[in-house]
Structure formats: C-alpha cells, structure tokens
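Got the viewer open? Let's take a walk through this one together, one selection at a time.

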There are 2 protein chains.
Amino acid sequence: MPAERNGSGALPLTLLAEQFAKLPGIGMKTAQRLAYFVMGYTDEEAEAFANAIIHAHKTVHACKICQNLTDKELCPICEDPERDRSTVCVVESPKDVSAFERTREYRGVYHVLHGLISPIDGITPDKLRITELLKRVADGGISEIIMATNPTPEGEATAMYCSKLLKPLGIKVTRLAFGLPVGAILEYADEVTLYKALENRNEI
Amino acid sequence: MPAERNGSGALPLTLLAEQFAKLPGIGMKTAQRLAYFVMGYTDEEAEAFANAIIHAHKTVHACKICQNLTDKELCPICEDPERDRSTVCVVESPKDVSAFERTREYRGVYHVLHGLISPIDGITPDKLRITELLKRVADGGISEIIMATNPTPEGEATAMYCSKLLKPLGIKVTRLAFGLPVGAILEYADEVTLYKALENRNEI
C-alpha cells in the first residue's frame, strides 16, 4: 500500500483502489488511476456508481429456466412466446447469449452453464448448472440441445460431458460447426482450424 | 445498449456496465465483463465496493496547503515537521507525489496543480491550483520551487508559465533535469531516473 506509507496519504483512496484492483485485468496502478478518476466525480455521479453496484447486485439473479442473468423471475427470452422451446443452445456465460442474439438468426432458447468444467481450477461439473439442464430435459418438450461452448479444451470437455449425460435421455445433441471464420485469410489460419474446415467440408 | 435490446435483458446490469465504461481506458466490452464479475460478489463484497466509492468521495479532498488529496485537513507530508518547507516541488497530480516519495530522497514539500495548461482541451491556467501556489509563496518561507511537470509540451508550457509568475517574486525556480526521456510519463519512471532528474535540476 504505497499510497499509505509514502504520505500521498489518503487511506479511503487506497481502499477504493484496492476495490478496483480486485476486478479482473486491473492491476494496482490502473486501480489507482481509476480511484483518482472517481475523485473527480460530482456527488451525484459517485452515488450513481455506488447505487448501480448495489442495485445490480440486489436485483439481478439467474433466470429460473435458462439460468441467464435477469432482474425478473424469467428472462425476456424464456418469456418470449415466439421462441422455439424445443431447441436449447447451451453456453458458458451470459455474454455468449448476447453474442448469439446479435446474429438475429437463432430462434430457440438458451441454457447458461456459468462456467466450463476445469478440474485444474477446481471447477467440477457440480459447480455448473448441469443439474438444471437435466431437469429441463426431464420436464419434456426439448428435441435438440446445441452444445455451444468455446472450442477450447475446457469447452470441448464440457460439451462431451453434457452430451454423455443427455444422449441416453433420447435427446439429439449437436455441436457448433468448426471451420474458417468468415473473412479469414487462409494463410494465417492455424492447423487445427484448417483441418476442421477440411474435415467438415460441404458440397456446393 | 445491446444487452437490453437483444434480451440478455438485465437492465440494472447494463446500467452498471455503463458506469464502468465511464472510467478511463475501459470500453463497453470490458465494462460488461467487470459488471458480470461484480455479480459474482457476495452481498458484503458488493457493499464494500459501493461504500469505498462513497466513502472515498466524501472524505477525500485537497490538502489546504499543497492541494494533494487527503482525508484530513492537512496531508501527512504538510503535517510532517521533518519536511523542508522552503523547497516546494510542483507536480501535475497526486500520483506524481507518490512517484517522488518512492525515491525516498526528496525531503521538501509539494504543490499539486491538478492538471497542466492545455488550451486545446480547455484547460487554462485559472483551472489549475496556481493561485494557491502564488499565495503560498506570498506567505513567505519558500526559497526554491522545483517545476516537476512531465517533459511533454503541456508540462513544459506549465513550467514556463509558473516560472514567469514566480521569478519576479525573487524565488529560485528550477526544472527537473532532462535525465527523463522526452515524452515519458512521470508516473512510470523508475526510482533512480527520477532521483537523478531531481538531483540535476537546473535553474530556469
């Protein structure tokens, strides 16, 4: 805590900087810069910031059905009568839901796992919302589950794990297609992506 | 506000993300990541964060003498009886005070301008704490003023401006030595470079 020792002195400022430094990707130097920046706020601005934290934390929770974050009992997607409830897209985090929604093409619903299986980080399957997914399937009406986790070792493992639990229930389990990203330069594509693109080639 | 439109839905979460996005160097994507991260806090952690903002903002203000940020009437440096009050090091921001204190060599006091003259950004000399500096000089007891602003055009202009006001008052005005690489940010300079720059200061 150099600010305390060296006499720039303001302990409350150090405490605020420490709060910023707890956030992912923010080191102590950036945290101090942010704390100084907040000092330049008006009283109203500082209160708005503090209230946004408290309010969001109090009102936002997981949707009862899909586990996406929402401030209502059900999220807008689960409540939308026009969404196709027979197709469930399983993703790692709420950010992935936003990403799929931006395509404006997917009309099914989602299931947010809130993480990926990663034993090395202590994230075992029971830490994820897999039980909730199995319960949704048991409740009936679902014909296809799309495993839309990242193409990383953890994402693959999670997709495999879920698929092994879901297939015996007579559910069609699919995985996102892997290939070249649109607009990619072939020369710079990595070997695995190129191999996947070749393997999953389609007739035109 | 894509989160609202696309149905990931949580308006309070969007509001919190917008608060983070107001901070310097944090874009909307990072802000959303930070907002999601805060959702994982316990109630106590979220409250501690909010309180740190309010508390720091309420209690931290400018020291009556040197204008550095403090939660007391005077900052610890101005209160320290062992500091040499005849030498005043003029800096842009509280972060620069911390940087000089880290050298553990400077025994004088400081004056924080809270900015640099930059007409293009609308920062005219009256927006800085220059009047307070002149008042300190008028109160007597100061024999040397070290202009320790960044070696950037704005820092140089500010140093020149202050020196022109101070010299007629019979004060010795010095400038940090150009051991500092031109264009560098003072806050990130290493201790030895900073100390050298301090040691080789020149009269201007």
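## First stop: a bridge in chain A

Select Arg175(A) first: at 25% relative accessibility it counts as partly exposed, a label for anything between buried (under 20% relative accessible area) and exposed (over 50%), with a 1.4 Å probe and protein chains only. Before you go on, know that this is a predicted model, where local features need pLDDT of at least 70, side-chain atom pairs count only at pLDDT 80 or more, and totals for chains, interfaces and linings use all residues. Residues are numbered from 1 along each chain as its sequence is written, chains are lettered from A and ligands numbered from 1 in the order in which they are written, and side-chain values use heavy atoms, with hydrogens and water left out.

Now add Glu156(A), which is partly exposed too, at 27%. The side chains of Arg175(A) and Glu156(A) form a salt bridge with N and O 3.2 Å apart; the term means a side-chain nitrogen of Lys or Arg within 4 Å of a carboxyl oxygen of Asp or Glu. This pair links distant parts of the chain, 19 residues apart: Arg175(A) sits in strand β6 (residues 172–175) and Glu156(A) in helix α8 (residues 153–166). Helices (H or I, at least four residues) and strands (E, at least two) are DSSP runs, numbered from the N terminus.

## Out to the surface

Stay in chain A and pick Lys64(A) with Glu73(A). Their side chains meet in a salt bridge of 3.1 Å, N to O. Buried or exposed, what is Lys64(A)? Lys64(A) is exposed at 59% relative accessibility, and Glu73(A) is exposed at 52%.

## Over to chain B

Select Glu101(B) and Arg83(B). Here the salt bridge is 2.8 Å, N to O. Glu101(B) belongs to helix α6 (residues 94–103) and Arg83(B) to the loop between α5 (76–79) and β3 (84–91), so the bridge ties together parts 18 residues apart in sequence. Glu101(B) is buried at 11%, and Arg83(B) is buried at 6%.

Next, click Gln67(B), in the loop between β1 (61–62) and β2 (69–70) of chain B. Gln67(B) is buried, at 7% relative accessibility. Show its neighbours: leaving aside residues up to four places away in sequence, Gln67(B) touches Ala62(B), His111(B), Val112(B), His114(B), Arg129(B) and Glu132(B), where contact means heavy atoms within 4.5 Å. With Arg129(B) there is a side-chain to side-chain polar contact at 2.8 Å. A polar contact is a pair of N or O atoms within 3.5 Å; within protein, one must be able to donate a hydrogen and the other to accept it, and residues adjacent in sequence count only if both atoms are side-chain atoms.

## Last stop: where the chains meet

Show both chains. How many residues of chain A are in contact with chain B? There are 53, facing 55 residues of chain B. The two chains bury about 5,100 Å² between them, 69% of it on carbon and sulfur atoms; buried area is the accessible area (1.4 Å probe) that two parts lose on being put together, summed over both.

Across this interface there are 2 salt bridges, while the whole structure has 10 over all chains. To see one at the interface, select Lys22(A) and Glu45(B), whose closest N and O atoms are 4.0 Å apart. To finish, colour α4(A), which gives the most to the side of chain A that touches chain B, with 14 residues.
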